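Visitor: I would like a close look at one part of this model, the place where two helices pack against each other, and at how that part sits within the chain. Could you take me through it with some care?

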Amino acid sequence: MSCGDYDAKALRREAEHKGLFVANYLKQWINIKKVFPLHLYKEETKDKEPAVIKDMSEMLEVLGLAKVTSPSSSFETAFSTARCVVKLLEDEFVFDASHITCLNYSTSDEAA
């Protein structure tokens, strides 16, 4: 689970550059911004398909969760993403295989 695709794409670039092995489970993830069911939380987006969430701040606000401040923005993003996932699950949103993004790597690591 992530709040964007940057980290996974950075991992792919670094692995390809250095010829590193990357396990298959690290090549797929769910970008919560792409699958966030905004239409379930904001009345003005109910008839718009797809309604897209802008960023973590909007997601927290829509879900009624307080913003967490931390000395580490990476920790803050990870913690906030987890809180949003928990809230969505509590609200009975179902994450499924259709939400998974996969990246192909050019390195020869298909054995994972």
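Guide: The axes spoken of here are lines fitted to C-alpha atoms, for helices over the stretch in contact, and angles run from 0 to 180 degrees between N-to-C directions. In this predicted model, the axes of helix H3 (residues 56-63) and helix H4 (residues 73-90) come within 10 Å and cross at roughly 35 degrees, and the crossing of H3 and H4 is left-handed. On the H3 side the contact is made by Met56, Met59, Leu60 and Leu63, while H4 brings Thr77, Ser80, Thr81, Arg83, Cys84, Lys87 and Leu88. Sorted by character, the residues of this contact between H3 and H4 comprise 6 nonpolar, 3 polar and 2 charged. As for the spacing of such residues, an α-helix has 3.6 residues a turn, so residues three or four places apart point the same way.

The pairing also belongs to a wider setting, the largest nonpolar core, which has 16 residues, and among these Phe36, Met59, Cys84, Leu88 and Phe95 touch the most other members. Helix H2 (32-35), H3 and H4 are the elements that give two or more residues to this core, and H3 gives the most, with 5 residues. Met59 of H3, which takes part in the contact with H4, is worth following individually: leaving aside neighbours within four places in sequence, Met59 is in contact with Cys3, Ile32, Lys33, Phe36, Ile53 and Cys84. A second, separate core of 6 residues includes Ala15, Val22, Leu103 and Tyr105.

Beyond H4, in the loop between H4 and strand S2 (100-102), lies Glu92, which has a positive phi of about 70 degrees although Glu92 is not a glycine. In general, most residues other than glycine have a negative phi. Glu92 is exposed, with a relative accessible area of 69%.

To place the helix pair in the whole, the chain has 4 helices and 2 strands, and from the N terminus on its elements run α-β-α-α-α-β. Of the 112 residues of the chain, 35% count as buried, and among contacts with a separation of 6 or more, 65% are accounted for by residues 24 or more positions apart. Helix H1 (residues 6-18), for its part, has 13 residues and reaches 18 Å from its first C-alpha to its last, close to the 18 Å expected at 1.5 Å a residue, and just after H1, Gly19 takes a positive phi of about 65 degrees.

Note on methods: Residues numbered from 1 in each chain as written. Predicted model: local features only at pLDDT ≥ 70, side-chain atom pairs only at ≥ 80, totals over all residues. Heavy atoms only, no water. Left-handed = near helix turned anticlockwise from the far one by under 90°. Contact = heavy atoms within 4.5 Å. Nonpolar A, V, L, I, M, F, W, Y, C, P; charged D, E, K, R; others polar. Core = buried A, V, L, I, M, F, W, Y, C linked by side-chain atoms within 4.5 Å. Buried < 20%, exposed > 50% of the residue type's maximum accessible area, 1.4 Å probe, protein only. Expected span 1.5 Å × (residues − 1).
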